[in-house]
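This briefing is meant to be read alongside the sequence and the coordinates. It begins with a single side-chain pair and then turns to the chain as a whole.

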Amino acid sequence: MGNSERIKKIFCFIMLAAVSMIWMFPVLWAVLTSFKSEYEIQGSGFHLIPKEWTLENYLKLIVDNDSTPVFKWFLNSLIIAVGHMLLVLVIVSLAAYGFTRLQFRFRNQLFAVLLSTMMLPSVINLIPNFKIVDSLGWTNTFLAVIVPGAASVYNLFLVKQFMDGIPKELDESALVDGANRFQIFWHIILPLSRPVLTVVALFSFTGSWNDFLWPSIVMTDIDRLPITPGLQLLQGQYMTYPGIGTAGAILALLPTFLLYLVAQKNFMQSMSLNSGIK
């Protein structure tokens, strides 16, 4: 390796380390601040490491939380995010299979119309979606935040493009052996599509978990709120106690962080959309 190549690698490492520190410093500051006492946070001077570590902020959130049931919000978000993720996987995988393997009139035109909806801002759907949810009697229920958005066009496009790369000769061989369309989908297409479905599952879970605007519109019962819009109430309740608000934000961040930490290897492999085809 020449000196110029070594210098380029060192420079790239320094740049990446600097960018990583810029991204990670606010998160690190929030984590450490959540373990500080309110007296230490509001005291004069800035110091990153707590002088005295304490769980006071987390205990107030979990124990003394009649007006802000953070633990219940956490469970609500978990139910909503998992339910939304599973529904997305079912709808998107079946729809992508239909667009890639089934022959019907205006198939390409219909898919082009669906893709064109991606150019529209999602905010224009708020009023129609609310009217539909309200007419179905779903307001203040988990269905109001699980079902809307499950048929994501972006996820459909991602999975369809992956399934287009699966050789159709596999379908023909299975048909010759007596398999029907559903058996082909279940035993051949789904196992080969696991990489892209992993990506869709992770994005769907984190998107549902971090959603703020839509749950704030359709959920007015405090006990049924997800944790992300619940943080707004938490901020108003403890406006003069930044340590408690920071602890609530860390609790909201924890599930998605652990999910990516556990699934990091599978996620990086999934980003190569041809990794499942051999």
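In this predicted model, the side chains of R101 and D171 meet in a salt bridge, with a nitrogen-to-oxygen distance of 2.7 Å. R101 belongs to helix 4 (residues 70–101) and D171 to helix 9 (residues 169–176), so the pair ties together parts that are 70 residues apart in sequence. Both R101 and D171 are buried, and their contact is one of 3 salt bridges that a search of the whole structure finds.

**Salt bridges within single helices**

- In helix 8 (residues 153–164), D164 and K160 lie 4 residues apart, about one turn of the helix, and their side chains meet in a salt bridge at 2.9 Å, N to O.
- The two partners in helix 8 fall into separate exposure classes, because D164 has a relative accessibility of 33% and counts as partly exposed, whereas K160, at 12%, counts as buried.
- In helix 3, K60 and E56 are likewise 4 residues apart, about one turn of the helix, and the salt bridge between their side chains spans 3.2 Å, N to O.
- K60 is partly exposed, with a relative accessible area of 28%, and E56 also counts as partly exposed, at 31% relative accessibility.
- As background to both of these pairings, an α-helix has 3.6 residues a turn, so residues three or four places apart point the same way.

**Overall form and composition**

- The secondary structure of the protein comes to 15 helices and 0 strands.
- The radius of gyration is 24 Å, well over the 19 Å that the globule rule gives for 278 residues, so the protein is more spread out than a compact globule.
- Taken along the principal axes, the box filled by the C-alpha atoms is roughly 75 × 70 × 35 Å.
- Of the 278 residues, 35% count as buried, and the accessible surface comes to about 17,000 Å², of which 68% belongs to carbon and sulfur atoms.
- Among contacts between residues at least 6 apart in sequence, 72% join residues that are at least 24 apart.

**Helix 1**

- Helix 1 covers residues 3–33, which makes 31 residues, and it reaches 43 Å from its first C-alpha to its last, close to the 45 Å expected at 1.5 Å a residue.
- The helix bends by about 40° at M24, and a proline, P26, follows within four residues.
- Which residues of helix 1 are buried? They are A30, L32 and T33, and what covers them includes helix 2 (38–41), helix 3 (56–62) and helix 14 (242–262).
- Helix 3, which is part of that cover, is also the helix that holds both K60 and E56.

**Helix 14 and F257**

- F257 lies in helix 14, and at 47% relative accessibility this residue counts as partly exposed.
- Measuring from C-alpha to C-alpha, F257 and N210 are 12 Å apart in space, while 47 residues separate them in sequence.
- Helix 14 is also among the elements that cover the buried residues of helix 1.

Note on methods:
Residues numbered from 1 in each chain as written. Predicted model: local features only at pLDDT ≥ 70, side-chain atom pairs only at ≥ 80, totals over all residues. Heavy atoms only, no water. Helix = DSSP H or I, 4+ residues; strand = E, 2+ residues; numbered from the N terminus. Expected span 1.5 Å × (residues − 1). Bend = angle between axes of the 7 residues up to and from the residue. Buried < 20%, exposed > 50% of the residue type's maximum accessible area, 1.4 Å probe, protein only. Contact = heavy atoms within 4.5 Å. Rg over C-alpha atoms; globule rule 2.2 N^0.38 Å. Areas by Shrake-Rupley, 256 points an atom, 1.4 Å probe, with all protein chains shown as cover. Salt bridge = Lys/Arg side-chain N within 4 Å of Asp/Glu carboxyl O.
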